[in-house]
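Visitor: I would like to go through this model label by label. For each label, tell me what earns it.

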Amino acid sequence: MSATAQNAETATGAGEQELTDGFNLIIDALKLNSLDTIYGVPGIPITDFGRMAQAAGIRVISFRHEQNAGYAASIAGFLTKKPGICLTVSAPGFLNGLTALAHATTNCFPMILISGSSEREIVDLQQGDYEEMDQLAIAKPLCKAAYRVLHAQDIGIGIARAIRSAVSGRPGGVYLDLPAKLFGQVMNAEAGRKSLVKVIDPAPAQIPAPDAVKRALDVLKSAKKPLIILGKGAAYAQADDAIRSFVEKSGVPFLPMSMGKGLLPDTHPLCAGAARSTVLKDSDVVMLIGARLNWLLSHGKGKTWGDAPKKFIQIDIEPREMDSNIEIVAPVVGDIGSCVQALLDGMDTKWPVPPADWTGAVAKKRDENIAKMAPRLMNNNSPMDYHGALGVLRTVIKERPDAILVNEGANTLDLARGIIDIYQPRKRIDVGTWGVMGIGMGYAIAAAIETGKPVLAVEGDSAFGFSGMEIETICRYKLPVCIVIFNNDGIYRGTDVNKAGDDPATTVFVKGSRYDRMMEAFGGVGVNATSPDELRRAVNAAMDSGKPTLINAVIDPAAGSESGRIGNLNPQSALKKK
Ligand code: OXT
Ligand code: ADP
Ligand code: MG
């Protein structure tokens, strides 16, 4: 039964017209568009809305902080290609959700932040309403689109616009402002039903121009040392079979970006993940599929890319992405599914495999790097180092390739990215384009809710702190999430000393903290693991049982390096006192 019909039973008396209101119309509009999960934090003016949505069959996941609910919504968008919905109260709740909305936009994830707000008349005259703030104006520069609905009859259109804006073209974050008064506005139920919009074909296929496809194939065919880079846009596109066929048919080595891992398994013979520096430097033609030439790819220039001339082919839905950093000789604008299919269709049966000296050199470098790493992953040191602990987790994922890996931290992130092989698409989710700390628990919750698969969250102790309170949410909803905290007593390392006074150094935490005990406070399983063997036993038990578990993995405080693998980005003062 629709929420409107349910409500109508109470609103209709003999001879009265059937009525609906803002609450019910929003719920009906979401359901009509199969938006069946909301991540949020209740409070004025949306408390009753959350209750009513839950009663109407929408899954409403209540968090402890809006930022985490927002990150959950953002990754739900990435995993499902439907906009993730985050619901917040006005001003402070809205602002807490805004970081995640900006994050979704930056990462090209579809998300809608729906926030209650104060009354326009009072806000615009700045008369000091409860939680007064001009939220629409603040959200606008941080998202793809922002809308406000003032009248109940516009709710259907408002939500339709928000959905279409979030998922069409380059996906992103959308803000929807719903002033408190809107929720209670009453209107005729039949007119209300008619005002709702089911969005038809919200993300229409964008077919690439045949000329552009031919140009791209010609450039690729001419290459002596070709490389394909698969980014998180390729993972988002859910064109998994076409992408795999294209890579295999072309015979070109591929380099997955962090969240592009698993589109083809990291163990695939064409995977060049373990020969990253070599392929970036030595390749002559690079085809980017759903990856931007931003800082993560050194903007396509500089010593990372070597001195030899290089040609770039780029496949992206956003035309303005082309030439953003350097010249793209073969831009292919369209959705990745359509583009890759067109490329496949355009490859004749006699497509030449790349020269064997190139593919052989890539494979040799990759195998050398993997062999060099292998013994380090097998150590059983206590306290653990990153390699010993990650060697264990690598096996856990190998044995459970459908589990989702959430990963944040600095060393914990950078080393896990290289060491833990991923075997299926969209199974690794992490800090993304901003390298942001705090996505951990929100991502873990949404991954479990949206996919029903077990989740392994590998967290630096600092990273975990940004969203740690949500372990209560994980226990409350009984989610199959196993959190492993790489506890090295601090940010990057736990060894810094403040020589100027009694305060601790800026990068260190309480030594020997027992994060596992936090989990026990909420009825979850907490384990303190001091060796790889203990870690293996604890993670396997958690993944097998599906019980919410937090493992405090004790890591040598001296094991990490400043900022992990991006220490080069830290500015240094020439005047700093030693
Ligand atoms: O080819 P070469 O020889 O170069 O070798 C490469 C690969 O070929 C090889 N490789 C392999 N070898 C063998 N086997 C296998 N399987 C294999 N796979 C790969 O390994 C090397 C490296 O490969 P990789 O990683 O692919 O290559 P590289 O060169 O590193 O790639 C470059 C990048 C840029 C693409 C990559 O480094 C990358 O993706 N980096 C992302 C980095 C990032 O986003 N970091 C997070 C931000 S750091 C910092 O900002 C932090 N803060 C500040 C802060 C943030 N971020 N947010 C907020 C809201 N507030 C504050 C904080 C607070 S981090 C942080 C907390 C840190 O402390 P924690 O306690 O949480 O964590 P710990 O550090 O553990 O203590
Ligand atoms: P990574 O960080 O993995 O390198 P980026 O976030 O930089 O990936 O790039 C993702 C790119 O994918 C963006 O430029 C975005 O426009 C593009 N994109 C996202 N979805 C699609 C799609 N369905 N079709 C084509 N391009 C897409
Ligand atoms: Mg740490």
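Guide: Gladly. Keep in mind that this is a predicted model. We start with ligand 2. One of its oxygen atoms is 2.8 Å from an N or O atom in the side chain of R292.

Visitor: Why is the pair formed by ligand 2 and R292 called a polar contact?

Guide: A polar contact needs a pair of N or O atoms within 3.5 Å. The oxygen of ligand 2 and the side-chain N or O atom of R292 are 2.8 Å apart, so the pair qualifies.

Visitor: Which backbone atoms reach a nitrogen atom of ligand 2?

Guide: A polar backbone atom of I317 is 3.1 Å from a nitrogen atom of ligand 2. For I336, the distance from a polar backbone atom to a ligand nitrogen is 2.9 Å. Taken alone, ligand 2 exposes 580 Å², and the protein buries 97% of that.

Visitor: How do you know that ligand 2 lies between two domains?

Guide: Look at who supplies the shell. Domain 1 (3-195) and domain 2 (210-363) both give residues to it, so ligand 2 lies between them.

Visitor: What makes up the shell around ligand 2?

Guide: It divides into eight nonpolar, six polar and five charged residues. Of the 19 residues around ligand 2, those that come nearest are R170, K232, R292, D316 and I336. Helix α12 (residues 232-236) gives the largest share, three residues.

Visitor: On to the metal. What makes D461, N488 and G490 donors of the magnesium ion (ligand 3)?

Guide: The cut-off for a donor here is an N, O or S atom within 2.8 Å of the metal. D461 (OD), N488 (OD1) and G490 (O) coordinate the magnesium ion at 2.1 Å, so they pass. Along the chain, the donors follow the spacing D-x26-N-x1-G.

Visitor: Why can the pair D461 and G490 be said to tie parts together?

Guide: D461 lies in helix α20 (residues 461-465). G490 lies in the loop between β17 (481-487) and α22 (515-521), so the pair ties together parts that are 29 residues apart in sequence. D461 and G490 are both buried.

Visitor: Which residues come nearest to ligand 1?

Guide: Of the 34 residues around ligand 1, they are S277, Y386, T412, D461 and R565. D461 is thus listed here and also coordinates the magnesium ion.

Visitor: What makes the approach of A275 to ligand 1 count as a polar contact?

Guide: The limit is within 3.5 Å. A backbone N or O atom of A275 lies 3.5 Å from an oxygen atom of ligand 1, so the pair counts. For T412, a polar side-chain atom lies 2.6 Å from a ligand oxygen. G418 places a backbone N or O atom 2.9 Å from a nitrogen atom of ligand 1. Taken alone, ligand 1 exposes 1,400 Å², of which the protein buries 80%.

Visitor: How do you know that ligand 1 lies between domains?

Guide: Domain 2 (210-363) and domain 3 (378-554) both give residues to its shell, so ligand 1 lies between them. The largest share, six residues, comes from α18. By class, the shell holds 17 nonpolar, twelve polar and five charged residues.

Visitor: Is N379 buried or exposed?

Guide: Buried means under 20% relative accessible area. N379 is at 17%, so it counts as buried. Its side chain makes a polar contact with the side chain of D385 (3.1 Å). A polar atom of the N379 side chain also lies 2.9 Å from the backbone nitrogen of N381.

Visitor: Why is M469 called partly exposed?

Guide: The class runs between 20% and 50%. M469 has a relative accessible area of 40%, so it falls in that class. M469 sits in the loop between α20 and α21 (471-476).

Visitor: What makes D201 stand out in its backbone?

Guide: D201 has a positive phi of about 50°, although it is not a glycine. D201 lies in the loop between α10 (189-195) and α11 (210-222). At 46% relative accessibility, D201 counts as partly exposed.

Visitor: Where are cis peptide bonds found?

Guide: One runs from I44 to P45, with omega near 5°. Another joins S382 and P383, where omega is about 0°. P45 is in the loop between β2 (37-40) and α3 (47-55). P383 is in the loop between α16 and α17.

Key: Residues are numbered from 1 along each chain as its sequence is written. Chains are lettered from A and ligands numbered from 1 in the order in which they are written. This is a predicted model: local features need pLDDT of at least 70, side-chain atom pairs count only at pLDDT 80 or more; totals for chains, interfaces and linings use all residues. Side-chain values use heavy atoms; hydrogens and water are left out. A residue is near a molecule or strand if one of its heavy atoms lies within 4 Å of it. A polar contact is a pair of N or O atoms within 3.5 Å; within protein, one must be able to donate a hydrogen and the other to accept it, and residues adjacent in sequence count only if both atoms are side-chain atoms. Accessible areas come from the Shrake-Rupley method with a 1.4 Å probe; for residues, only the protein chains shown count as cover. Helices (H or I, at least four residues) and strands (E, at least two) are DSSP runs, numbered from the N terminus. Ala, Val, Leu, Ile, Met, Phe, Trp, Tyr, Cys and Pro count as nonpolar, Asp, Glu, Lys and Arg as charged, and the others, Gly among them, as polar. Domain bounds come from an automatic or database domain assignment. Donors are N, O and S atoms within 2.8 Å of the metal (3.2 Å for Na, K and Ca); water is not among the atoms, so sites may look incomplete. Buried means under 20% relative accessible area, exposed over 50%, partly exposed in between (1.4 Å probe, protein chains only).
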